[in-house]
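Hi everyone, thanks for coming. Today I'd like to walk you through one structure, so please have a look at the sequence and the picture before we start.

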Amino acid sequence: VKLVDFKASEKVQPEAADSECNRFKGENYYYNEEFDRWTSRDTVTVIFMGKDPESDSTADVVVEELADVPYGTATGVTDSTTKPYYYSGQLVYMFNGWKDSVDNKVYSSDDENIRFAFNDDTTYTAQYKGCRNYYNLTINGYDGTELYSNSRQNYTSDVSYTGEAPTRSNYVFVGWTSSVDGQIYTEIPKTLDPADVINVADITGISYAASVTYTATYRRSNYS
């Protein structure tokens, strides 16, 4: 069935029996001033399809359904409604917004431009972008000297580096500064959460892998 989004510039009610909008044959249209449209309904149903965060399955399921929503109402949905990421084969797929079944646009969860469908119910489907399920790990001394590297460090595998931080005259070692969040860790984290590392906007294709660097950090000794 072809649905027609009527532009009501002349405020003339369309023919409900028109062959291109026969789904609404016999129904009355009314004019919506805010959106300058004729519509046959004053409420719609909105469905969000995503990956159940509580399940190991990656199949699309209904994660939220809103009924009797006023026509044209703006909405958002929290990212926690769907999985932030999931693994499949050698890839990790990162959440990348909600795709509108009406105009095929992808919106972020808090995008104020998300609008329910004109004249019909709408389904938003969670979108994901895939990239490598590992990252480029580098561990550096305070002077930039590379102490360890692994170009294929898996997010769920323990980092194998066991070396000591290099000594620095008149300084005391305080930890490792992460390039991800700028925090200083007394020990290098064994595993990482992809959601904390990967910027979805940086994913250019499935061959993309994020990079993480830890740098030895010191404070000046009080006895120097």
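So, how many aromatic pairs does a search of the whole structure find? The search finds 13 aromatic pairs. Please keep in mind that we are looking at a predicted model.

If ring pairs are new to you, here is how people talk about them. A pair of aromatic rings is described by the distance of the centres and the angle of the planes.

Let me show you two of these pairs. In one of them, Phe48 and Tyr124 are stacked, with 5.3 Å from centre to centre and 15° between the planes. This pair links distant parts of the chain: Phe48 belongs to strand 3, residues 43-51, while Tyr124 belongs to strand 8, residues 122-132, and the two are 76 residues apart. Both Phe48 and Tyr124 are buried.

Now turn to Tyr142 and Tyr218. Their ring centres are 5.4 Å apart and their planes stand at 85°, so this pair is edge-to-face. Why does this pair tie together parts that are 76 residues apart in sequence? Because Tyr142 sits in the loop between strand 9 (134-140) and strand 10 (146-154), whereas Tyr218 sits in strand 13 (residues 211-220). Are the two partners buried or exposed? Tyr142 is partly exposed, at a relative accessible area of 36%, and Tyr218 is buried, at 12%.

Rings can also join up in groups. Ring pairs connect Phe48, Tyr86, Tyr93, Phe95, Trp98, Tyr124 and Tyr128 into a cluster. And a ring can have a charged neighbour: Arg168 lies over the face of Tyr171, 3.9 Å from the ring centre.

Let's go back to strand 3, the home of Phe48. Seven of its nine residues are buried, so strand 3 is largely enclosed by the rest of the structure. What does strand 3 pair with? Strand 3 runs antiparallel to strand 4 (residues 60-70), and eight bridges join them. With strand 8, strand 3 pairs in the parallel sense, over four bridges. Met49 is a nice residue to click on here: it stands opposite Val62 in strand 4, and in strand 8 its bridge partner is Thr125.

Lys51 is another residue of strand 3. Is Lys51 buried or exposed? With a relative accessible area of 8%, Lys51 is buried, because the cut-off for that word is under 20%. The side chain of Lys51 is joined to that of Asp60 by a polar contact of 3.0 Å. Not counting residues up to four places away in sequence, Lys51 touches several others, including Thr58, Val63, Thr81, Lys83, Tyr86 and Tyr128.

On to another sheet. As a reminder, strands of a sheet pair through backbone hydrogen bonds, either parallel or antiparallel. Here we have an open sheet of five strands in the order 10-9-13-11-12, and its pairing is mixed. Strand 10 and strand 12 (184-185) are the edge strands, each pairing on one side only.

You can follow the mixture by looking at the two partners of strand 13. Strand 9 pairs with strand 13 in the parallel sense over five bridges, and Thr138 has Thr213 in strand 13 as its bridge partner. Strand 11 (residues 171-178) pairs with strand 13 in the antiparallel sense over seven bridges, and there Ser178 has Tyr214 as its bridge partner.

Last topic: the nonpolar cores. Which residues have the most contacts inside the largest nonpolar core? They are Tyr135, Ile139, Trp176, Ile198 and Tyr214, in a core of 24 residues. Strand 6 (91-100), strand 9 and strand 13 each supply at least two residues of this core, and strand 13 gives the most, with four. Take Ile198 as an example: leaving aside neighbours within four places in sequence, Ile198 is in contact with Val92, Met94, Cys131, Tyr155, Ile203, Tyr208 and Ala210.

There is also a second, separate core of 11 residues, which includes Val44, Phe95, Trp98 and Tyr124. You have met Tyr124 before: it is the stacked partner of Phe48.

That's my tour. Thanks for listening!

Definitions and conventions. Residues are numbered from 1 along each chain as its sequence is written. This is a predicted model: local features need pLDDT of at least 70, side-chain atom pairs count only at pLDDT 80 or more; totals for chains, interfaces and linings use all residues. Side-chain values use heavy atoms; hydrogens and water are left out. Rings of Phe, Tyr and Trp (its six-membered ring) pair if their centres lie within 6.5 Å; planes under 30 degrees apart count as stacked, over 60 as edge-to-face and the rest as tilted. Buried means under 20% relative accessible area, exposed over 50%, partly exposed in between (1.4 Å probe, protein chains only). A charge sits over a ring if NZ of Lys or CZ of Arg is within 6 Å of the ring centre and within 35 degrees of the ring normal. Two strands pair if DSSP finds at least two bridges between them. A polar contact is a pair of N or O atoms within 3.5 Å; within protein, one must be able to donate a hydrogen and the other to accept it, and residues adjacent in sequence count only if both atoms are side-chain atoms. Contact means heavy atoms within 4.5 Å. A nonpolar core is a set of buried Ala, Val, Leu, Ile, Met, Phe, Trp, Tyr and Cys residues joined through side-chain atoms within 4.5 Å.
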